[in-house]
Amino acid sequence: MKIVIIGGGFAGLNLAKELVNQPQIQVTLVDKNNYNFFPPLIYQVATAFLEPSSISYPFRKFFAGKKNLQFRLGELLSVSPAEKKITLSNGELDYDHLVFATGAETSYFGMENVMKNAIPMKTLNDAIVMRNTLLKNLEKAAICKDMRKRRKLLTIVVAGGGPTGVEVSGMFAEMRKSILLKEYPELDTSASNVYLVDGGDALLAPMSKDSQKDTLEALTKLGVVVKLNTKVVDYVDDTVVFENGETIQTKNLIWAAGVSAKIFEGIPTESYGRGRRMATDAYNKVNAVDNIYAIGDTAIASGDAKFPNGHPQVAQVAIQQGLNLAKNFKAMVENKPLKPFAYNDKGSMAIIGRAKAVVDLPSPKWHFKGFFAWIIWLFIHLISLITYRNRLNTFWNWMVAYFAKDQSLRMIIRPDKKNQN
């Protein structure tokens, strides 16, 4: 059985890992990057508290010695379901079963200026670009004599009140209080503000009311200006424009406000559901095509009684769907019955700042906040990293940051434009 997996995130990699050493199954994982990375921690790369290698790992090194797993660097261009063939940016592959695990991409809700000028927070490359942009703006502010221009360089607006937006704004607020005062004595930190804006009436909308309340209080104490029921409608001439007519002048609009799935040539329109996600049955098989499956953020599955409107686009859904689909592929080889997917909600969490977090557990319904919740957050994220090396590096960086309230990773490293391909 030849299985081709498109995308090496939580869903795709867990599917591949579960099929290791299956003699009757050959797996090819295709990704446009040559590494897997851990999205929940990219904001720490963006704020220079972790190095990129702490949360990423090369696919080929991970697949080394696993005879039935292969990696192919390439980007999917089109699918031919009738021929059971895909076209990549660098060739073609045929398959018996094709799995889409392509995740989601940043959605700008049709706002062209926001797409062109805001800083997204979805990929490892986004995190590095954001780190470089913010560090360069700090250096510009350090020599800027015009107070109005300096304020624009130092002000940060984070759009999106989900976990990423909360975590980024909390980190920036703490950096402003400690790091900027020490490393940029020429700056007046009162000229800087951190804004967190969201179109809804609460932060961390999917979490409990207690988590929403605790998060708002903790961010406000850190000095973050939280603006709820406030939608961004434009970003032009260094000005964030809101639906209610208000504006904020800034060089730094960080976009963490929404995601959408991708559309692929060759997959019929009737295969897509809400949010451009591929509509699947309870076994993750895509509607209206044969031998094609979708898992993770790119899929919206039916058949799970607890989630009639589809599953949330979170890591645990992707991981569990990858593992369940792997078991079903093994069952196909052995002519055994397949198991429908049922999501086991293990809870949700978000970090707010140093020794501050919120955690909701579904069964029993427990809510934690503060230092204990922060310890739970650290432990869960550490064990979720792909290798022991990633875990040790991240743990070491976190301990340094905790005791020193700082890190030494704030280097502006840019590729040589002449050698970019």
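How much space lies in the largest cavity? In this predicted model, the largest cavity holds about 240 Å³ of space, and one cavity of 30 Å³ or more is present in the structure. A word on the idea behind such values may be welcome: rolling a probe the size of a water molecule over the atoms shows where empty space is left.

The lining of the largest cavity consists of 20 residues, with Leu-134, Leu-138, Ile-156, Phe-172 and Met-175 lying nearest its centre. Two or more lining residues come from each of helix 5 (124–143), helix 6 (147–154) and helix 7. Helix 5 gives the largest share, with five residues. Sorted by class, the lining of the largest cavity comprises twelve nonpolar, five polar and three charged residues.

Helix 7 also takes part in the second largest pocket, where this helix (163–177) is among the elements that supply at least two lining residues. The others are helix 2 (42–46), strand 23 (348–353), helix 11 (370–384) and helix 12 (388–404). Here helix 7 contributes the largest share of the lining, five residues. The second largest pocket has a volume of about 390 Å³. Its lining numbers 21 residues, and those nearest the centre are Phe-49, Met-171, Glu-174, Gly-353 and Arg-354. In terms of class, the lining of this pocket divides into twelve nonpolar, three polar and six charged residues.

Strand 23, one of the elements of that lining, belongs to an open sheet of three strands in the order 23-24-25, paired antiparallel. Strand 23 and strand 25 (366–369) are the edge strands, each pairing on one side only. From one strand to the next, the twist averages 10°. Five bridges link strand 23 with strand 24 (residues 356–361) in the antiparallel sense, and Ser-348 has Asp-360 in strand 24 as its bridge partner. These two strands make a hairpin with two residues between them, and Ala-355 in the turn shows a positive phi of about 60°. On the other side of the pairing, strand 24 and strand 25 run antiparallel and are joined by four bridges; Val-358 is partnered by Lys-369 in strand 25.

Two helices lie across this sheet. Helix 9 (residues 209–222) lies across strand 23, strand 24 and strand 25, and runs at about 175° to strand 24. Helix 11 lies across these three strands as well, but runs at about 75° to strand 24.

Another open sheet of three strands has the order 6-7-8 and antiparallel pairing. Its edge strands, strand 6 (76–80) and strand 8 (91–94), each pair on one side only, and the twist averages 20° from one strand to the next. Strand 7 (residues 85–88) pairs with strand 8 over four antiparallel bridges, with Ile-86 standing opposite Leu-93 in strand 8.

Turning to helix packing, the axes of helix 1 (residues 10–18) and helix 10 (residues 315–333) come within 7 Å and cross at roughly 35°. The crossing is right-handed. Helix 1 brings Phe-10, Ala-11, Asn-14, Leu-15 and Glu-18 to the contact, while the residues met in helix 10 include Ala-315, Ile-319, Gly-322, Leu-323 and Phe-329. By class, ten nonpolar, two polar and three charged residues form the contact of helix 1 with helix 10.

How values were computed:
Residues are numbered from 1 along each chain as its sequence is written. This is a predicted model: local features need pLDDT of at least 70, side-chain atom pairs count only at pLDDT 80 or more; totals for chains, interfaces and linings use all residues. Side-chain values use heavy atoms; hydrogens and water are left out. Axes are lines fitted to C-alpha atoms, for helices over the stretch in contact, and angles run from 0 to 180 degrees between N-to-C directions. A crossing is left-handed if the near helix is turned anticlockwise from the far one by less than a right angle, and right-handed if clockwise. Contact means heavy atoms within 4.5 Å. Ala, Val, Leu, Ile, Met, Phe, Trp, Tyr, Cys and Pro count as nonpolar, Asp, Glu, Lys and Arg as charged, and the others, Gly among them, as polar. On a 1 Å grid over the protein atoms alone, a cavity is a set of points where a 1.4 Å probe fits but cannot get out, and a pocket is an open set with protein on both sides within 12 Å along at least five of seven lines; lining residues have an atom within 4 Å of a point. Grid points are joined across faces, edges and corners, and a volume is the space filled by probe spheres set on the points. Two strands pair if DSSP finds at least two bridges between them.
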